[in-house]
Amino acid sequence: MLKTQLQTLLKGLAYRCGFSLRKLRGAKRFEVTGDRAGRVRPLLHQVDPYEGFDPTAWPDDASGWGSDSPAFGELIAQVRPRRIIEVGTWKGGSALTMAAGLDEAGIEAEIICVDTWLGALEMWEDLDDPTRHGSLHLRHGYPTLYYTFLANIVRAGHTETITPFPVPSITAAQWCSLHGIKADLIYLDGSHEEEDVYQDLVAWWDLVREGGVLFGDDWSWDGVRMAVQRFAGEQRLSITHRHDKWELRTP
Ligand SMILES: C[S@@+](CC[C@H](N)C(=O)[O-])C[C@H]1O[C@@H](n2cnc3c(N)ncnc32)[C@H](O)[C@@H]1O
C-alpha cells in the first residue's frame with residue numbers, strides 16, 4: 001500500500017518535471033514485415049461498413065480544418081499513390097478532398113481513415129464549443145461523430161475508395177506493421193500534443209513506401225511543430241512546406 005502510494009507520488013513528481021515513462025522508454029518503432037499489395041479493406045472488415053447505413057439521419061456537414069487544401073491534389077498528382085493512410089479524419093473533409101484528387105488524376109487507390117472518432121484533446125476542452133465538442137454529438141455520453149463521417153462518405157459517393165479503421169493511431173500503425181501494409185502517402189492530423197505527434201511520427205515513418213511522403217497539418221501548433229522538428233532532426237530529414245502542410249520525404 002505504502003509502496004504504491006510512493007510510486008504514485010514519484011510518478012506525479014516526475015511528470016511535473018517533464019518526464020514520463022513513455023519518454024524514458026522511448027517511442028515505439030514497430031518492425032515492418034513487408035509491403036503487401038492489394039486492398040486493405042477485406043483484411044479490416046468482413047462486412048462492408050457502409051452496408052445498410054442510412055445517411056439521412058446524420059448531419060450533412062463535412063467541415064474540418066485545412067481539409068480542402070490544394071496540397072492534397074498536388075501531392076496526389078506528384079506521387080500517384082496506390083494507398084493513402086490518413087490519421088485523424090473527423091467528419092471526412094480531408095479524406096473526401098483526397099478522394100476527389102484521386103478521381104481527378106485518374107488514379108484507383110484506397111484511402112484508409114484511422115480515427116477513434118472520439119475527438120482529440122481540443123474537442124473536450126470547452127464543452128460549449130459548437131464546432132469542436134458540439135460536433136461529437138454525444139449520445140448517452142458517447143460520441144456519434146463516426147456516423148456523421150460515414151454519412152458524408154456515402155453522400156459524396158466515395159464508399160469504394162474510403163475505408164474506416166476506428167482505432168487509436170498507434171494501434172493502427174501496429175496493425176499495419178503486422179500485416180505489412182505500407183502507404184505512398186500518410187497524412188498525420190490526429191492528436192496535436194507534442195508527445196503524441198512524436199509517437200505518431202515514429203510509428204508511421206517506417207510505413208511510408210519508398211518514394212512516398214509523410215505529411216501533416218497545423219505547423220502553427222507548437223506541439224506539432226516541435227515534434228516534427230525533433231523527429232526530422234533525429235532522422236536527418238529535411239522538412240518542406242506545401243501550402244498549409246508540412247512534409248517529410250523518404251530518400
Ligand atoms: C483535427 S481532427 C482531423 C481533421 C480532418 N483531418 C479534417 O481535415 O477534416 C483530429 C481527429 O483526430 C482524431 N484523433 C486524435 N487523436 C487520435 C489518436 N490517438 N488516434 C486516432 N485518432 C485520433 C480525433 O478523433 C479527431 O477526429
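Biologist: In this predicted model, is Arg-230 buried, partly exposed or exposed?

Modeller: A residue counts as buried when its relative accessible area is under 20%, and as exposed when that area is over 50%, with partly exposed in between. Because Arg-230 has a relative accessible area of 27%, which falls between those two limits, Arg-230 is partly exposed.

Biologist: Which residue forms a salt bridge with Arg-230?

Modeller: The partner of Arg-230 is a glutamate, and the closest N and O atoms of the two are 3.4 Å apart. The pair links distant parts of the chain, since Arg-230 sits in helix α9 (residues 222-235) and its partner in helix α8, 35 residues apart. With a relative accessible area of 15%, the partner is buried, and this residue is Glu-195.

Biologist: Which strand does the salt bridge of Glu-74 tie to helix α4?

Modeller: Side chains of opposite charge can pair when their charged atoms come close. Glu-74 forms a salt bridge with Arg-242, and their closest N and O atoms are 3.0 Å apart. Glu-74 lies in helix α4 (residues 70-79), so the pair ties together parts that are 168 residues apart in sequence, the other part being strand β8 (residues 239-242).

Biologist: Is Arg-242 buried or exposed?

Modeller: The two partners in this salt bridge are Glu-74 and Arg-242, and Glu-74 counts as partly exposed at 32% relative accessibility. For Arg-242 the relative accessibility is 13%, which is under the 20% limit, and therefore Arg-242 counts as buried.

Biologist: Which residues are joined into one network by salt bridges that share partners?

Modeller: The side chains of Glu-247 and Arg-249 meet in a salt bridge, with 3.2 Å from N to O. Glu-247 counts as buried at 2% relative accessibility, whereas Arg-249, at 33%, counts as partly exposed. Salt bridges with shared partners join this pair to two further residues in one network, whose members are Glu-74, Arg-242, Glu-247 and Arg-249.

Biologist: How many salt bridges does a search of the whole structure find?

Modeller: The pairs described so far include Glu-195 with Arg-230 and Glu-247 with Arg-249. A search of the whole structure gives a total of 16 salt bridges.

Biologist: Which helix gives the most to the lining of the largest pocket?

Modeller: The largest pocket holds about 680 Å³ of space, and of the 37 residues that line it, the closest to its centre are Gly-88, Ala-120, Asp-189, Gly-190 and Ser-191. Helices α5 (93-105), α7 (169-179) and α8 (194-205) each supply at least two residues of this lining. The helix that gives the most, with three residues, is α8.

Biologist: What is the volume of the largest cavity?

Modeller: The structure holds one cavity of 30 Å³ or more. Among the residues that line the largest cavity are Leu-188, Asp-200 and Trp-246, and by class its lining divides into four nonpolar, three polar and three charged residues. The volume of this cavity is about 60 Å³.

Biologist: Is Leu-127 buried or exposed?

Modeller: Leu-127 is found in the loop between β2 (110-114) and β3 (138-139), and together with Trp-124 and Leu-138 it forms a nonpolar patch on the surface, with about 290 Å² of accessible area. Because its relative accessibility is 56%, which is over the 50% limit, Leu-127 counts as exposed.

How values were computed
Residues are numbered from 1 along each chain as its sequence is written. This is a predicted model: local features need pLDDT of at least 70, side-chain atom pairs count only at pLDDT 80 or more; totals for chains, interfaces and linings use all residues. Side-chain values use heavy atoms; hydrogens and water are left out. Patches are made of residues with over 30% relative accessible area and no salt bridge: like charges are joined within 9 Å, nonpolar side chains (Val, Leu, Ile, Met, Phe, Trp, Tyr) within 5 Å. Accessible areas come from the Shrake-Rupley method with a 1.4 Å probe; for residues, only the protein chains shown count as cover. A salt bridge is a side-chain nitrogen of Lys or Arg within 4 Å of a carboxyl oxygen of Asp or Glu. Helices (H or I, at least four residues) and strands (E, at least two) are DSSP runs, numbered from the N terminus. Buried means under 20% relative accessible area, exposed over 50%, partly exposed in between (1.4 Å probe, protein chains only). On a 1 Å grid over the protein atoms alone, a cavity is a set of points where a 1.4 Å probe fits but cannot get out, and a pocket is an open set with protein on both sides within 12 Å along at least five of seven lines; lining residues have an atom within 4 Å of a point. Grid points are joined across faces, edges and corners, and a volume is the space filled by probe spheres set on the points. Ala, Val, Leu, Ile, Met, Phe, Trp, Tyr, Cys and Pro count as nonpolar, Asp, Glu, Lys and Arg as charged, and the others, Gly among them, as polar.
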